[in-house]
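These are my notebook entries on one chain and its ligand. I record what I looked up, entry by entry.

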Amino acid sequence: MSCDKELTLHNEGDIEKFIEQLPSALFGDKIELCQWEGVWCWPTTIKAAMKFKATFKTDPNDVLLASAMKTGTTWLKAICVCIMRGNKEEEDLLIKDIPHFHVPTIEIGNSFTNIPIDHLYTMPSPRLFHTHLPYRVLPDSIKNSDNCKIIYIARNPMDTLISMWHFFNNMKRVENFFPLEKVVECFCNGVHPYGPFFEHVLEYWEESKQRPQKILFLKYEDLKIDPKKEVEKIALFLGKPFGNEEDLEKVLWRCSLERLKSLEVNKSGSLLTNVPNSSFFRKGVVGDWKNYLTPEMEEKLEKITSMKLQGSGLEL
Ligand code: A3P
């Protein structure tokens, strides 16, 4: 489909002017974000998200992976690549490229990578792609389709925050470049890339309860505790159940943090501008936040977590 057709309604200059007028704020005292439709993001990302929302037409075979930042996106992408794109020896796509190459994040497109955004519109079916955008700003054609499937991965907020803090410090190559107390404050206020976090998770959670055949809701912690069960669940949801135990074990190993971390492409490559591939593979430990958050920070985050999730039936 042509994505330029609809954009003539709002030319690039109009979009840029529109974005300039959006509310703005700093994340961690350093990164300027603006707020569009309730989500905080970089201006370039908002521009791509607007284009996606206005022009994308889904195909019944599409599979969209969705997540807030630092919740296990890379792991989920790797698993789905193996399940959907083949798991045979000669088909090990993860050796050559980081999972983000195989499953492009829609709104990042060509502003941060050399993957052309229009690739999204021309990928062969079944298309496998990803977004960090909240449910509310997804294109109607995705939301209204009963066939296009969505897999969402959520994670404990404190581990997500610590992972995010490390990730952005790593990008700047300076330890503590972003003061942790500022990052905690921004996280609680929802002013962080793709924030607010709790609304993000809850929107997908509520939708998954309404339409379990369309949206599969996963938790990073469940994948850590029982990867076999969760990966089988993903394969079944995608209509590609494993024929035998061996195939399942192969996916688990291929997608394990230990193995992905050891691959040359992930040790030395860089798909995103200024982001070494290695920064997507850190510790992968549940509860790592305990090594960084002060008791005051922990109390603040626990309070907001229980307030936001109250009555939802969701525990993170
Ligand atoms: P930590 O920073 O806590 O180690 P995302 O992929 O959404 O950016 O999330 C990154 C987090 O997932 C990081 O967490 C990273 O170490 C972890 N991760 C990446 N690949 C993983 C894998 N194959 N298995 C488990 N955790 C993984």
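Before listing neighbours, I fix the term: contact means heavy atoms within 4.5 Å. I also note that the model is predicted.

**Entry 1. Ser312**

I looked up Ser312 and placed it in the segment after α17, the helix of residues 295-309. Is Ser312 buried or exposed? Its relative accessible area is 6%, and buried means under 20%, so I entered Ser312 as buried. I then asked which residues Ser312 is in contact with once its neighbours within four places in sequence are left aside. I found Leu202, Trp205, Glu206 and Lys209.

**Entry 2. The chain as a whole**

I turned next to the overall fold. The secondary structure of the chain comes to 17 helices and 7 strands. The chain has a radius of gyration of 19 Å, close to the 20 Å that the globule rule gives for 316 residues, so I recorded the chain as being as compact as a globular protein of that length. Along the principal axes, the C-alpha atoms fill a box of roughly 50 × 50 × 45 Å.

For burial, I noted that 55% of the 316 residues are buried. The accessible surface of the chain comes to about 14400 Å², and carbon and sulfur atoms hold 51% of that surface. I also checked how far apart in sequence the contacting residues are. Of the contacts between residues at least 6 apart in sequence, 73% join residues at least 24 apart.

**Entry 3. The shell around the ligand**

How many residues surround the ligand? I recorded 18, the closest being Lys70, Thr73, Thr74, Ser163 and Gly284. By residue class, the shell divides into 7 nonpolar, 7 polar and 4 charged residues. I then asked which helix gives the most to this shell. That helix is α4, with 3 residues. Both α4 (73-85) and α15 (257-262) supply at least two residues each.

**Entry 4. Polar atoms facing the ligand**

I listed the polar atom pairs between protein and ligand. The backbone of Gly72 places an N or O atom 3.1 Å from an oxygen atom of the ligand. A polar backbone atom of Lys283 is 2.7 Å from an oxygen atom of the ligand. For Tyr220, a polar side-chain atom lies 2.7 Å from a nitrogen atom of the ligand. I then looked up how much of the ligand is covered: taken alone it exposes 560 Å², and the protein buries 97% of that area.

**Entry 5. Lys224**

I located Lys224 in helix α12, residues 220-225. Its relative accessibility is 35%; since partly exposed covers the range between 20% and 50%, Lys224 is entered as partly exposed. Beyond residues up to four places away in sequence, Lys224 touches Trp75, Gly284 and Val286. With Gly284 I found a polar pair: a polar side-chain atom of Lys224 lies 2.5 Å from the backbone oxygen of Gly284. I also checked Val285, which is 61 residues from Lys224 along the chain. The C-alpha atoms of Lys224 and Val285 are separated by 8.6 Å.

**Entry 6. His100**

Lastly I looked up His100, which lies in helix α5, residues 99-102. Its relative accessible area of 9% puts His100 among the buried residues. Which side chain does His100 meet in a polar contact of 2.8 Å? I recorded the side chain of Lys77 as the partner.

Note on methods
Residues numbered from 1 in each chain as written. Predicted model: local features only at pLDDT ≥ 70, side-chain atom pairs only at ≥ 80, totals over all residues. Heavy atoms only, no water. Near = heavy atom within 4 Å. Polar contact = N/O pair within 3.5 Å; in protein donor to acceptor, adjacent residues only side chain to side chain. Areas by Shrake-Rupley, 256 points an atom, 1.4 Å probe, with all protein chains shown as cover. Helix = DSSP H or I, 4+ residues; strand = E, 2+ residues; numbered from the N terminus. Nonpolar A, V, L, I, M, F, W, Y, C, P; charged D, E, K, R; others polar. Rg over C-alpha atoms; globule rule 2.2 N^0.38 Å. Buried < 20%, exposed > 50% of the residue type's maximum accessible area, 1.4 Å probe, protein only.
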